[in-house]
Amino acid sequence: MDKHQEVTLLIPGPTPIHPAALAAMQWPMRSHMDADIFAYNDQIVADLHLLYKTGPGAFVSLLSGTGSLGMEAGFANLLEPGEKVLIISNGVFGERMIEMCERLAANVIPLRFSHAQEVDIEAVRNIAFETSPKLIAMVHGETSTGVLNPVAEIGEIAAEVGALFSVDAVTTVGMLEFDMAAWGVDYAYTGSQKCLSAPPGLAPVAFSERAMQAIAARKTKVSTWYSDALGMEAYWAVGAKGRKYHHTIPVQLHWATGEAIRVALSEGIAERSHRAHFVGEATLKALSTVGFGAFIPEKFRLPTVLAVTLPEGLDDAKVRQELRSKYFISVTGGLGATAGKIWRLGLMGENARPRYYHRLMVALAEILDAPELPKLFDEVCTVA
Ligand SMILES: *Cc1c(COP(=O)(O)O)cnc(C)c1O
């Protein structure tokens, strides 16, 4: 392998690392208990409140682990053994939630919709009223199919039945509008390598005040020491309550992720969302002329992971292999039920740049003998 070869990552994570995040990895080392680090963490906290739009009394931090740790930590903190959790699932990451909650010995009530199908809000309301769960959990943007799920609507139902509400924001926060307080979300998480375009390894998480109260009121200790929110709070909090050693944080990843969050906030979520929509639209328009199609109807299509159906007769594995080996472009196929049927094109963070998708058009123009592709793409896509 040539480790200096650039590969264009059009995949739904990891995304290309933002230059500001990459540069921060080179800052000289500090102790995880150094005053500089605590000051930097305080800035991350202030920025995470803005990113998630938390309400008063919320606790935000970075978990040392990937997005899946963010998912697991939420369940570990908000559920005690035997407690009811309603999990809305319409894809691979919804299924991961079910698996995690079963392992935590929660009383799992799965509500499944077929993959690539939208969530039936009335069905959620009915089962929520029937079962009165302690927690309702759902993925916002389902990466395995490219479906955007209705968070505000499910948040209303959670409020009606008095349940806590946990949302997987891995493919949305930092790129699309996310409003924890307005939507009644009690726990949300992402992974540093998706919409923020930092390296993988951290999970930015946010607990509402209500969630923290529920954790303080537990009868049993959180089963995993590492993800206990109260342990995390002892390190992250300001003043006498905080600044205590919990575990050695990955200092360089804190810097990289901290810088990436700054970049996202200063660009603005509206602008980032516009990039994702615009590059996605241009890609779909151009590819539809050679037989690709939208896998998900526009009404519930996730702007940050564009799932496209393949042209009749296209050899999925062979074409993606050629893209990777000859053109240094990485494209992901389907996952689970959609394997072999779709491609999933990432439009998160630095993914959503016309110059990267232009490269795909140039490559496919050759592979599929469709010389007009780059021009068609450029006609729609004029953002930088
Ligand atoms: C990527 C992803 C995860 C898991 O994140 P990892 O960083 O791979 O652990 C969870 N949920 C969704 C929706 C994702 O896209």
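This is a short walk through two sheets and a ligand site in one predicted model.

Hi everyone! Some ground rules before we look around. Residues are numbered from 1 along each chain as its sequence is written, and side-chain values use heavy atoms, with hydrogens and water left out. Since the model is predicted, local features need pLDDT of at least 70 and side-chain atom pairs count only at pLDDT 80 or more, while totals for chains, interfaces and linings use all residues.

Let's begin with the 7-stranded sheet. Its order is β2-β10-β9-β8-β5-β3-β4; the sheet is open and its pairing is mixed. Strands here are DSSP runs of E with at least two residues, helices are runs of H or I with at least four, and both are numbered from the N terminus. Two strands pair if DSSP finds at least two bridges between them. At the edges are β2 (59-64) and β4 (107-112), each pairing on one side only. On average, neighbouring strands in this sheet are turned by 20° against each other, direction ignored.

Zoom in on β3 (residues 84-89) and β5 (residues 135-139): they run parallel, joined by 4 bridges. There, I88 stands opposite M138 of β5.

Now the ligand. Which residues are closest to it? They are T66, S68, T143, D168 and K194, out of 13 that surround the ligand, where a residue counts if one of its heavy atoms lies within 4 Å. Helices α3 (67-78) and α4 (92-103) each give at least two residues to this shell.

For polar contacts with the ligand, we look for pairs of N or O atoms within 3.5 Å. A polar side-chain atom of T143 is 2.4 Å from a ligand oxygen, and a side-chain N or O atom of D168 is 2.7 Å from a ligand nitrogen. G67 uses its backbone instead: a polar atom there lies 3.0 Å from a ligand oxygen.

On to the second sheet, which is open and has 4 strands in the order β11-β12-β15-β14, paired antiparallel. β11 (293-294) and β14 (332-333) are the edge strands with a single partner each, so one side of each has no neighbour in the sheet. Between β11 and β12 (residues 305-309) there are 2 bridges, and A294 has V308 in β12 as its bridge partner.

Finally, helix α11 (residues 269-288) lies across β11, β12 and β15 (342-346), at about 10° to β12. Contact means heavy atoms within 4.5 Å; axes are lines fitted to C-alpha atoms, for helices over the stretch in contact, and angles run from 0 to 180 degrees between N-to-C directions. Thanks for listening!

How values were computed: A polar contact is a pair of N or O atoms within 3.5 Å; within protein, one must be able to donate a hydrogen and the other to accept it, and residues adjacent in sequence count only if both atoms are side-chain atoms.
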